[in-house]
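The following note collects points on packing, ligand surroundings and selected buried residues. It is offered for consideration alongside the coordinates.

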Amino acid sequence: MRTQVGIVGAGPAGLLLSHLLAAAGIESVVVENRSRSYVEARQRAGLLEQSTVDLLRAYGLGDRLDRGGIEHGGVYLQFAGERHHLDFRELAGRTVTVYAQTEIVKDLVAARLAAGQQLEFEVSQTTVDGWWTDRPVLRYRDAGGTAREVVCDVIAGCDGFHGVCRPAVADRLTVSERGYPYAWLGILADVPPSTDELIYAHHPEGFALHSIRGPRVSRLYLQVAADDDIANWPDDRIWEQLQRRFALPGWTLEQGPVREKAITPMRSFVASPMRVGRLMLAGDAAHIVPPTGAKGLNLAVADVAVLAHALVAWLSTGDTGPAEAYSQTCLARVWRCTWFSWWMTSMLHTNPADEFGTQLQLAQLRQVVTSRAASAALAENYTGAPLPVPPLV
Ligand code: FAD
Ligand code: DHB
C-alpha cells in the first residue's frame, strides 16, 4: 500500500491531522491499536482554548461543539476559605469552552469515516521503519491479524506518551523531564454541576478541581499521592474529601452516583526535536504536561495545525522550509505551556509538611487575585495564545 502520510494513533492529534490534510488534498492512512468504542469513551480532557474551538469550527467540526460546548468566561480560584472569580473576557479578551475530548474524538471519527478515510482500529504490532530514507514504512497487523505495509512520504507519530514512534528515534532525542509527588483522582458523576464555571481549589488536604461535562454531569478531580491506588478510594471517601476541599459558607456541593473513577499520574516531559528525518512527532507522543493548566489536548491541536501546514507545503509544492521549522515552531508554545502547567501545578497542590512552601503558594494566589498584571498573565496563558498558522482552507 502507498500513502502520502502514515499516521500512527487515532487520538485527537492523529485524527485531526488526517482531517486537516484531507482538506488540503493530502491523503493519509490512520492506524490505531484500540477499538473505536474505546477511543470514543476514554475520559480525559474537557477544556478547549479559544484557538482550538476556532480551528475546529474552521474545518467543519463545529456542529455538535456549538450545540454541546459551554463557553466559559473565567474560572474561580479558591484558597484560605475564599473563592475569587477571574474574568477572562475582561482580563484577556478571550474565553475557553468546556467540551469533552470524547466528543471531539467522536466528531473526528465520524467526519473521517464519512469522507472515506482509511482509518483502521484494533491494529497490532505497529512499527515505523526507514524514517531516515525518502520512503518511510509503516507496518502493522490489521484487526483480522493480516500483516500490512504502507509506504509513505512522511510518518506522523501521534501515538501518545506510550506509543512506538518516539522510542523508535529515542537515540536522536533530548528529553527534559520533571516528576511530581502527587497524582489526580478523576471522577465522572451523574449530578448537575454545583458551579457555573470551573473551581480550582487550594486546600491543606490537597488540591481539588470542579469541572463540568453538561447540565447533568460533573467532572471532579482530587489531588492524591503519586502511588495511591483507586481501591483506597470508595465513593464515600471521594465525596467526603471533595466536600472538605471545596467547603464554603452558603455554598453546597451536590453529590450523585459516580459513573467512572481513575487515578492519573502527573509529569512534565518534552522530547526534542519533534522531527527526525521523515518521522514527525505530535501531541502527547512528544510532550506531556500535568493537567492543572488544561493544556495537553490544546497543545496536541496546535502541533497538528503547524504540522498540517508543513506537510502541505512539502508534499504539494516541495517547499521543505515549514517542515524544517516544525520542531522549533511547536516547541516555543510547548515550553510556554510546560511553564504554565508547572506553575499552576506548583501553586495549587499542597503538602502539609511544607509550611514554607504553603505560605509561598498563598502569597502567590493572593497576588494573582489582587494584581491585575498577575491575573491577566494567568488569563492570557489559560485561554491560550493564537495559533501560529492560519487555517489551510
Ligand atoms: P492520545 O490521546 O494519547 O492518543 C494517542 C493514540 O495512539 C491513542 O488512541 C492510542 O491508543 C494510540 N496508540 C498508542 N500506541 C499505538 C500503537 N503502537 N499503534 C497504534 N496506535 C497507538 N488536555 C487539555 O488540553 N485540557 C484538559 O482539560 C485536559 N485534562 C486532562 C485530564 C486528564 C485526567 C488527562 C489524563 C489528560 C488531560 N489532558 C487535558 C491531556 C489530553 O487528554 C492529552 O494531551 C491528549 O489526549 C493528547 O492527544 P494525543 O492525540 O496526542 O494522544
Ligand atoms: C478539565 C481538566 C483539566 O485538567 C483542567 O485543568 C480543567 C478541566 C476537565 O477534564 O474538564
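1. Leu16 as a starting point. In this predicted model, L16 makes contact with L55, L56, L61, L108, V301 and V304, when neighbours within four places in sequence are left aside. L16 also belongs to the largest nonpolar core, which has 79 residues; together with L17, L21 and L138, L16 touches the most other members. Helix α9, covering residues 296-317, provides the largest share of this core, at 15 residues.

2. The second core. Separate from the core just described is a second one of 31 residues. Its members include L86, Y182, I212 and L348.

3. Packing of α10 against α11. Helix α10 spans residues 321-348 and helix α11 residues 355-370. The two helices pack with their axes 8 Å apart, at an angle of about 115 degrees. On the α10 side the contact is formed by W343, S346, M347 and L348, and on the α11 side by Q361, Q364, L365 and V368. What is the chemical character of the residues in this contact of α10 with α11? Five are nonpolar and three are polar, while none is charged. One of the α10 residues involved, L348, is also a member of the second core.

4. Phe340. This residue is located in helix α10. F340 counts as buried because its relative accessibility is 1%, under the 20% limit. With residues up to four places away in sequence not counted, F340 touches G293, K295, L378, N381 and Y382. For Y382, which lies 42 residues from F340 along the chain, the separation of the two C-alpha atoms is 8.1 Å.

5. Surroundings of ligand 1. There are 33 residues around ligand 1, and E32, R42, Q101, D284 and L297 come nearest. Which backbone atom lies 3.2 Å from an oxygen atom of ligand 1? It is a polar backbone atom of G296. A polar backbone atom of A294 is 3.1 Å from an oxygen atom of the ligand, and a backbone N or O atom of N298 is likewise placed 3.1 Å from a ligand oxygen atom. G296 and N298 fall within the residue range 296-317 of helix α9.

6. Surroundings of ligand 2. Ligand 2 is surrounded by 13 residues, of which Y200, S211, R213, Y221 and P291 are the closest. Two side chains place polar atoms by ligand oxygen atoms: a polar side-chain atom of S211 is 2.6 Å from an oxygen atom of ligand 2, and an N or O atom in the side chain of Y221 is 2.6 Å from an oxygen atom of this ligand. The backbone also takes part, with an N or O atom of T292 lying 3.4 Å from a ligand 2 oxygen atom.

7. Gln78. Is this residue buried or exposed? Q78 is buried, because its relative accessible area of 3% is under 20%. Q78 sits in strand β5, which comprises residues 74-79. The side chain of Q78 forms a polar contact of 2.8 Å with the side chain of R83. A polar atom of the Q78 side chain also lies 3.2 Å from the backbone oxygen of A247. Beyond neighbours within four places in sequence, the residues in contact with Q78 are R83, I199, Y200, A201, H202, R245, F246, A247 and L248. Y200, listed here as a contact of Q78, is also one of the closest residues to ligand 2.

Conventions: Residues numbered from 1 in each chain as written. Chains lettered and ligands numbered in written order. Predicted model: local features only at pLDDT ≥ 70, side-chain atom pairs only at ≥ 80, totals over all residues. Heavy atoms only, no water. Core = buried A, V, L, I, M, F, W, Y, C linked by side-chain atoms within 4.5 Å. Buried < 20%, exposed > 50% of the residue type's maximum accessible area, 1.4 Å probe, protein only. Helix = DSSP H or I, 4+ residues; strand = E, 2+ residues; numbered from the N terminus. Contact = heavy atoms within 4.5 Å. Axes fitted to C-alpha atoms, helices over the stretch in contact; angles between N-to-C directions. Nonpolar A, V, L, I, M, F, W, Y, C, P; charged D, E, K, R; others polar. Near = heavy atom within 4 Å. Polar contact = N/O pair within 3.5 Å; in protein donor to acceptor, adjacent residues only side chain to side chain.
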